[in-house]
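Please work through the exercises below with the sequence and the coordinates open beside you. Each one gives a task and then a solution that goes step by step.

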Amino acid sequence: MTDEQVEELVAALDRGERRVAERREGEWVVDTEAKEAILAYFRLRKVEPVEIGPFAFQDKIPLKRHSPGVRIVPPGVARYGSYLSEGVVLMPGYVNIGAWVGPRTMVDTWATVGSCAQIGADVHLAGGVGIGGVLEPPQALPVIVEDGAFVGSRCIVVEGVRVGREAVLGANVVLTASTPIIDVRGKEPVELRGEVPPRAIVIPGTRKKKFPAGSYRVPCALIIGERSASTDRKTSLTEALREHAVSV
């Protein structure tokens with residue numbers, strides 16, 4: 001890939017004309033060329049001063065300059081090469097290069113969206129949420145939060161975990177690729193990893209595990225319910241969490 005092609009591809013990511021990952025025929029597919037362009041872009045760029053209004057930065061990647069229809073509250077920051085759809089609200093948080101944020105999504109105060117993460121429409125990333133980035137290897141899926149999901153305060157979602165459409169993560173849920181996600185709604189637990197099912201309500205949990213030095217409780221996540229189909233999205237979020245005594 002030539003330097004000019006790298007520049008053009010990153011510019012296309014910035015305009016939202018291209019995405020690092022997209023859903024095709026029900027499956028998420030990675031655009032490895034886009035990821036490779038981002039990696040090459042880092043090598044091309046040199047650290048230089050960046051000034052926007054009263055703010056001064058020292059970085060390789062410039063900040064986004066134009067995001068029509070987007071509200072950005074200072075000192076919210078989106079890096080060039082990320083895309084913010086119309087109706088996005090970015091509070092004093094951070095969106096990294098390669099990330100895509102869907103229409104009407106809220107990135108709340110001190111929430112971070114890592115490189116290449118894909119955040120759907122009508123998502124709420126509550127205060128202090130950490131959405132990890134997966135830039136390498138190029139073929140790896142990034143973190144994906146699908147349309148209508150609610151990610152509660154201080155949640156961490158990393159290592160390519162996918163949060164399904166309209167799912168709800170209660171405060172302080174931590175999801176990595178190896179975190180057990182245990183569905184406890186039935187008579188027997190059902191264990192998942194790397195993916196939260198659509199409309200699931202998830203809270204932090206622990207379970208006992210034996211080690212040579214003894215038995216200790218290790219983190220997991222518990223699926224304790226499902227969002228109600230009888231109410232609209234905003235109401236079902238509040239009612240579902242109250243019903244299960246989960247705060248966000």
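The exercises that follow concern a predicted model, and they deal in turn with a helix, a sheet and a set of salt bridges.

**Exercise 1. A lysine in helix 2**

Task: Locate Lys35, determine whether Lys35 has a salt bridge, and establish which residues Lys35 touches.

Solution. Begin with the element: Lys35 belongs to helix 2, which covers residues 32-44. The length of this helix can be checked, because 13 residues at 1.5 Å a residue should span 18 Å, and the end C-alpha atoms are indeed 18 Å apart. At the start of helix 2, a side-chain oxygen of Asp31 comes to within 3.2 Å of the backbone nitrogen of Glu33.

Next, consider burial. The buried residues of helix 2 are Ala34, Lys35, Ala37, Ile38, Leu39, Ala40 and Tyr41, and the partners against which they pack are helix 1 (3-15) and strand 2 (27-30).

Now turn to the charge. Lys35 is buried but has no salt bridge, and the nearest side chain of opposite charge, that of Glu136, is 9.3 Å away; a salt bridge would require a nitrogen-to-oxygen distance within 4 Å. A polar atom of the Lys35 side chain does, however, lie 2.8 Å from the backbone oxygen of Val134.

Finally, list the surroundings: leaving out residues up to four places away in sequence, Lys35 touches Val20, Val30, Cys116, Val134, Leu135, Pro137, Pro138 and Ala140.

**Exercise 2. Cys220 and its sheet**

Task: Decide whether Cys220 is buried or exposed, and describe how the strand that holds Cys220 is paired.

Solution. Cys220 is found in strand 26, which runs over residues 214-226. Its relative accessibility is 5%, and therefore Cys220 counts as buried, the cut-off being under 20%.

Strand 26 takes its place in an open sheet of 10 strands with mixed pairing, ordered 5-8-11-14-17-20-25-26-22-23. The edges of this sheet are strand 5 (71-72) and strand 23 (190-192), each of which pairs on one side only.

Strand 25 (residues 200-211) pairs with strand 26 in the antiparallel sense over 12 bridges, and the two form a hairpin with 2 residues between them. Within this pair, Phe211 stands opposite Gly214, while Lys210 stands opposite Ser215. Strand 25 is also joined to strand 20 (residues 168-169), in this case in parallel and by 2 bridges, with Leu169 opposite Val202.

As a last step, look at the contacts: apart from neighbours within four places in sequence, Cys220 is in contact with Thr179, Pro180, Ile182, Pro204, Gly205, Thr206 and Arg207. Thr176 is 44 residues from Cys220 in sequence, yet the two are 9.7 Å apart in space, C-alpha to C-alpha.

**Exercise 3. Salt bridges and their settings**

Task: State how many salt bridges the whole structure has, and examine the setting of the pairs Arg15 with Glu17 and Arg162 with Glu146.

Solution. A search of the whole structure gives 17 salt bridges. In one of them the side chains of Arg15 and Glu17 meet at 2.9 Å, N to O; Arg15 is partly exposed at 45% relative accessible area, whereas Glu17 is exposed at 56%.

In another, Arg162 and Glu146 meet at 3.5 Å, N to O. Arg162 lies in strand 19 (residues 162-163) and Glu146 in the loop between strand 16 (144-145) and strand 17 (150-151), so the pair ties together parts that are 16 residues apart in sequence. Glu146 is buried, with a relative accessible area of 10%. Salt bridges with shared partners join Arg23, Glu146, Arg162 and Glu195 into one network.

Terms used: Residues numbered from 1 in each chain as written. Predicted model: local features only at pLDDT ≥ 70, side-chain atom pairs only at ≥ 80, totals over all residues. Heavy atoms only, no water. Helix = DSSP H or I, 4+ residues; strand = E, 2+ residues; numbered from the N terminus. Buried < 20%, exposed > 50% of the residue type's maximum accessible area, 1.4 Å probe, protein only. Lys, Arg positive; Asp, Glu negative; His and termini not counted. Polar contact = N/O pair within 3.5 Å; in protein donor to acceptor, adjacent residues only side chain to side chain. Contact = heavy atoms within 4.5 Å. Expected span 1.5 Å × (residues − 1). Pairing = 2+ DSSP bridges.
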